[in-house]
Amino acid sequence: MSTKNFDVIVIGGGPGGYIAAIRAAQLGFNVACIDEWKNGKGGPAPGGTCTNVGCIPSKALLQSSEHYEHAGHAFADHGIGLKDLSIDVKKMLARKDGVVKQNNDGILYLFKKNKIAFFHGRGSFVKATEGGYEIAVNDEVLLGKQVVLATGSNARALPGTPFDEEFVLSNDGALRIGEVPAKLGVIGSGVIGLEMGSVWRRLGAEVTVLEGLPTFLGAVDEQIAKEAHKAFTKQGLKIELGVKVGEIAVTGKGAKKGVSVAYTNAKGEAQTLAVDKLIVSIGRVPNTIGLNAEAVGLKLDERGAIVVDDECRTNLPGVWAVGDVVRGPMLAHKAEEEGVAVAERIAGQHGHVNFNTIPWVIYTSPEIAWVGQTEQQLKAAGRAYKAGTFPFLANGRARALGDTTGMVKFLADAATDEILGVHIVGPMASELISEAVVAMEFKASAEDIARICHAHPSLSEATKEAALAVDKRTLNF
Ligand code: FAD
Ligand code: NAI
């Protein structure tokens, strides 16, 4: 066995890990990144959950299915006629795999460009030494002065119902369904449930979503969640709230094989849902499998997350942790920001992540995006606020696009007018939210946005108008 020395060893090559590695290399450190994800041929596939079975492939399928839906319905309104519309699911999945591969290859290129030593395999702690930590990978032992853990998360299974990825699917199987199922069940109406449910509904599946909580999208501003619920129901997504899921069984034989889900509905009535495939999307659990955390006494909490302080320091000197494996939202951009901040802290700089301005986006149609606090949070905190909303129905660009569902909503401090939250449901909400993030980062007031010139006709005018609405002076509504 040979030992190789590094200033920084990053374990995990997802958005938290590979970005930490790049930033550390930019800062002049000698960096190694270890990632165990395998592509279909057993080769390296860096990028983690996000690139391989998360953000990227889900958005590829959302795009394909949205094209299909537009071709089937929206095109006719534009006078575009189409005959014999069909979907080749295999081709759609192959395109998605191609997009994933481009991203995997892009990260391998970035490792080379930044002179990062990439190791394909599982990294695990051997022991702490005077000079840092020994990390085993394949047949080698690496010595790192500093270690950044970015080992991500895995899908949570229902107790007693492991994922078989053929009938009971995690996000992984949900992205690989080989043909449009006639009936698809989804447990959990969170982000994955709604995004993946939307993909397969658009392609023709009858989709039923069973949600345990009595409220729909409880973390989202209530007014926005209500509007989204209305839109999804109109599209034909069946969402049952307040259910209690019971036994889940794979039933039937051969082509008739499917899944039956016993549950109690909100009225307490016993029900059974029979579907061809079932996606279970009830949250994710931090992943420290294989790290051999015990060898060095790394502290985990009761959920299995690595315990860190506000600056991503673990209980071990020189060991940091970022992304899904620590507290906070499980989002790729949050992982990336933490990765950058940690590399900068290792270099003695003042890396910073503003947790109050991390945007959320749900890539359904309409898209849902928000930053900052919801109206219900402000009420609960007893904070005096003003609200302003503007519907896309009154926005010229949205009308031209033929996509007028939804609104932009501003929440601002009643006394100072500082923006406290911005919530959007509607077209391109994922892009529009950036303006609000920038504004909040600079502690702007609603009046600041209201006085900025926005291009016409553009969806962003709805943002300006919602800011004007805070002061009850919308111009176009
Ligand atoms: P991960 O991306 O999970 O990467 C961890 C990596 O570490 C993996 O490659 C893993 O194999 C590797 N690893 C673990 N242990 C070891 C070890 N001991 N040795 C070597 N390697 C190891 N977030 C968004 O912001 N936007 C989205 O649109 C979005 N869409 C999503 C869609 C789906 C279906 C899912 C499931 C998630 C989505 N997310 C999205 C969440 C996002 O994927 C995660 O927040 C993000 O990937 C977390 O990054 P990470 O670097 O912490 O961990
Ligand atoms: P989630 O936390 O978003 O939603 C899980 C849902 O399942 C909740 O509504 C919860 O009440 C419900 N639930 C939990 N247990 C249940 C049970 N036994 N029966 C019925 N319902 C139950 O989790 P999800 O959708 O699995 O996604 C995991 C995470 O991945 C997200 O929270 C997010 O951090 C990330 N993600 C982000 C995306 C994005 O940014 N666009 C897209 C997809 C995932």
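Which residue in strand 22 is the bridge partner of F410? In this predicted model, the bridge partner of F410 in strand 22 is V422.

## The antiparallel sheet

The pair formed by F410 and V422 belongs to a longer arrangement, in which strand 21 (residues 407-413) and strand 22 (residues 419-426) pair in the antiparallel sense over 6 bridges. These strands are part of an open sheet of 5 strands, which follow one another in the order 18-19-22-21-20 with antiparallel pairing. At the edges are strand 18 (360-362) and strand 20 (385-391), each of which pairs on one side only, and from one strand to the next the twist averages 10°. In general, the strands of a sheet pair through backbone hydrogen bonds, and they may do so either parallel or antiparallel.

## Helices across the sheet

Two helices can be described in relation to these strands. Helix 7 (residues 222-235) lies across strand 19 (367-372), strand 21 and strand 22, and the helix runs at about 5° to strand 22. Helix 13 (residues 460-470), for its part, lies across strand 20 and strand 21, running at about 140° to strand 20.

## Positions listed as a binding site

An unreviewed UniProt entry lists K59, G123, T151, G152, S153, D324, M330, L331, A332 and H333 under "binding site". These positions are spread over 275 residues of sequence, and they are also spread in space, with up to 29.6 Å between C-alpha atoms.

One of the listed residues, G123, is found in strand 4 (residues 123-129), and G123 counts as buried because 26 C-beta neighbours lie inside 10 Å. Leaving aside neighbours within four places in sequence, G123 is in contact with I11, I34, I135 and V137. Another, T151, lies in the loop between strand 6 (140-149) and strand 7 (153-155), and T151 is buried, since 30 other C-beta atoms lie within 10 Å. When residues up to four places away in sequence are not counted, T151 touches I11, G12, N287, T288, L291 and V325.

## A buried proline in a loop

P181 has its place in the loop between helix 5 (171-174) and strand 9 (183-187). Is P181 buried or exposed? With 20 other C-beta atoms within 10 Å, P181 is buried, because the cut-off for a buried residue is 20 or more such atoms.

Apart from neighbours within four places in sequence, P181 is in contact with W200, A205, D276 and K277. Of these contacts, A205 is 24 residues from P181 along the chain, while the C-alpha atoms of P181 and A205 are separated by 5.6 Å.

Technical notes. Residues numbered from 1 in each chain as written. Chains lettered and ligands numbered in written order. Predicted model: local features only at pLDDT ≥ 70, side-chain atom pairs only at ≥ 80, totals over all residues. UniProt positions renumbered as here; feature names shortened; annotations may be inferred. Helix = DSSP H or I, 4+ residues; strand = E, 2+ residues; numbered from the N terminus. Buried ≥ 20, exposed ≤ 12 C-beta atoms within 10 Å, placed from the backbone. Contact = placed C-beta atoms within 7 Å. Pairing = 2+ DSSP bridges. Axes fitted to C-alpha atoms, helices over the stretch in contact; angles between N-to-C directions.
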